[in-house]
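Please follow this explanation with the sequence and the structure open side by side. It moves from charged side chains to a pair of strands.

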Amino acid sequence: MNEYNFGLYLDERIQLSERLSLNPGIRYDRFRFMYVDHLQGIYDRRMETAGLLSPKLNAWLTLSNKLQIFALSGYGFHSNDTRVVVAREGLGILPRALGYETGFSIKPLPRLFVSLSGWRLHLEQEFVYVGDEAVVEPSGKTTRQGFDLSARWQINNWLFADADLNYSLGRADDTPEGENFIPLAAAWTSIGGLSWNCRNGLNGSLRYRFIGDRPANEDNSVVAKGYFLTDLVFNYRVKKRFEFGITIQNLFNRAWNEAQFDTQS
C-alpha cells in the first residue's frame with residue numbers, strides 16, 4: 001500500500017489600513033493511492049489519483065493593542081483510507097470541507113491573553129471506522145459547530161498557566177434525529193496546565209488532558225467513556241549545556257480507555 005501527496009500553496013497578507021488586514025490564499029493538493037492485496041489478489045496493483053483546489057480568506061481588525069477581532073474561512077478536504085479508495089474505484093477520494101470561524105482576542109491584563117471564537121464546519125463525507133474490516137468507510141454529510149476558549153497567563157517571571165476549552169456539536173445531515181450522532185465525536189475536550197522555568201535551572205510542567213463521554217454509535221445507545229489525565233515533568237539544566245529530566249505520565253494512576261469502538265460482528 002502506497003499513498004503519495006503533492007501540494008503547493010499561494011498565501012498573501014494584505015494590509016488595507018492600520019487596523020484592517022486580509023489574508024487570501026489558495027492551495028492545490030494532488031494524491032495518488034496504490035494498493036495490492038497479495039492474499040486475495042482482487043486489486044491487482046490498482047491505482048487511483050485525485051486533486052483539488054482549496055481557497056481561503058481571513059480578516060483581522062485590530063481595535064487597539066489589547067483587542068483584535070478576526071473572521072476566518074476556507075475550504076479543506078479529508079482523505080480516505082487507501083484500501084477504500086481503490087475498492088470504490090476512486091469515488092469520494094477527497095471530499096471537501098468548508099469551515100468558518102469568528103471571534104476575538106483580548107489582553108485584559110498585561111500578562112493575560114484570552115481568545116474566544118465560534119465556528120462551523122461542513123463535511124461532504126464523514127468517515128467511520130469498521131471494526132470487522134479494520135478500515136474506514138464513507139457515511140454521508142455532517143455538520144459540526146462549537147466554540148473554542150483559550151487563555152494564557154504569565155503569573156510571574158517564572159510561572160505560567162494555560163488552558164484550552166473546546167465544545168463541538170456534530171451531527172449527520174441526512175439521518176433522522178436521534179440516529180444522527182457521529183460515533184466517537186466528543187462534545188467537550190480540554191488541555192492545559194502549569195509550566196515553570198526557574199533561574200536555577202529547574203523547569204517543568206504539570207499538565208492535564210480531558211475528553212468527555214461521547215457516543216460510540218449513531219443513536220448514542222452505547223457511550224464511550226471520557227477521561228481526565230495528568231502528567232508531570234521535571235527538568236534540570238546544567239550551565240545551558242546539559243539537561244536531565246523525568247516524566248511521570250498519568251500521575252494519579254487513573255484507569256482509562258484510549259480506544260473504544262462499538263463493533264457488531
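Which side chain does D29 meet in a salt bridge? In this predicted model, the partner is R27, and the N to O distance between the two side chains is 2.8 Å. The two residues differ in how much of them is accessible: D29 is buried, with a relative accessible area of 1%, whereas R27, at 33%, is partly exposed.

A search of the whole structure finds seven salt bridges, and another of them joins D162 to R207, whose closest N and O atoms lie 2.9 Å apart. This pair links distant parts of the chain, since D162 belongs to strand β9 (residues 159–172) and R207 to strand β11 (residues 202–211), 45 residues apart. D162 has a relative accessibility of 19% and counts as buried, because the cut-off for that class is under 20%, while R207, with 27%, counts as partly exposed.

A further salt bridge brings together the side chains of K56 and D11, at 3.0 Å from N to O. Here too the pair connects distant parts of the chain, with K56 in strand β4 (residues 46–62) and D11 in strand β1 (residues 2–11), 45 residues apart. K56 is partly exposed at 34% relative accessible area, and D11 is likewise partly exposed, at 36%.

Turning to the strands, β14 (residues 227–238) and β15 run antiparallel and are joined by seven bridges, one bridge pairing V238 with F242 in β15. The two strands form a hairpin with three residues between them, and K239 in the turn has a positive phi of about 50°. Strand β15 (residues 242–248) is hardly covered, as zero of its seven residues are buried.

Methods:
Residues numbered from 1 in each chain as written. Predicted model: local features only at pLDDT ≥ 70, side-chain atom pairs only at ≥ 80, totals over all residues. Heavy atoms only, no water. Buried < 20%, exposed > 50% of the residue type's maximum accessible area, 1.4 Å probe, protein only. Helix = DSSP H or I, 4+ residues; strand = E, 2+ residues; numbered from the N terminus. Pairing = 2+ DSSP bridges. Salt bridge = Lys/Arg side-chain N within 4 Å of Asp/Glu carboxyl O.
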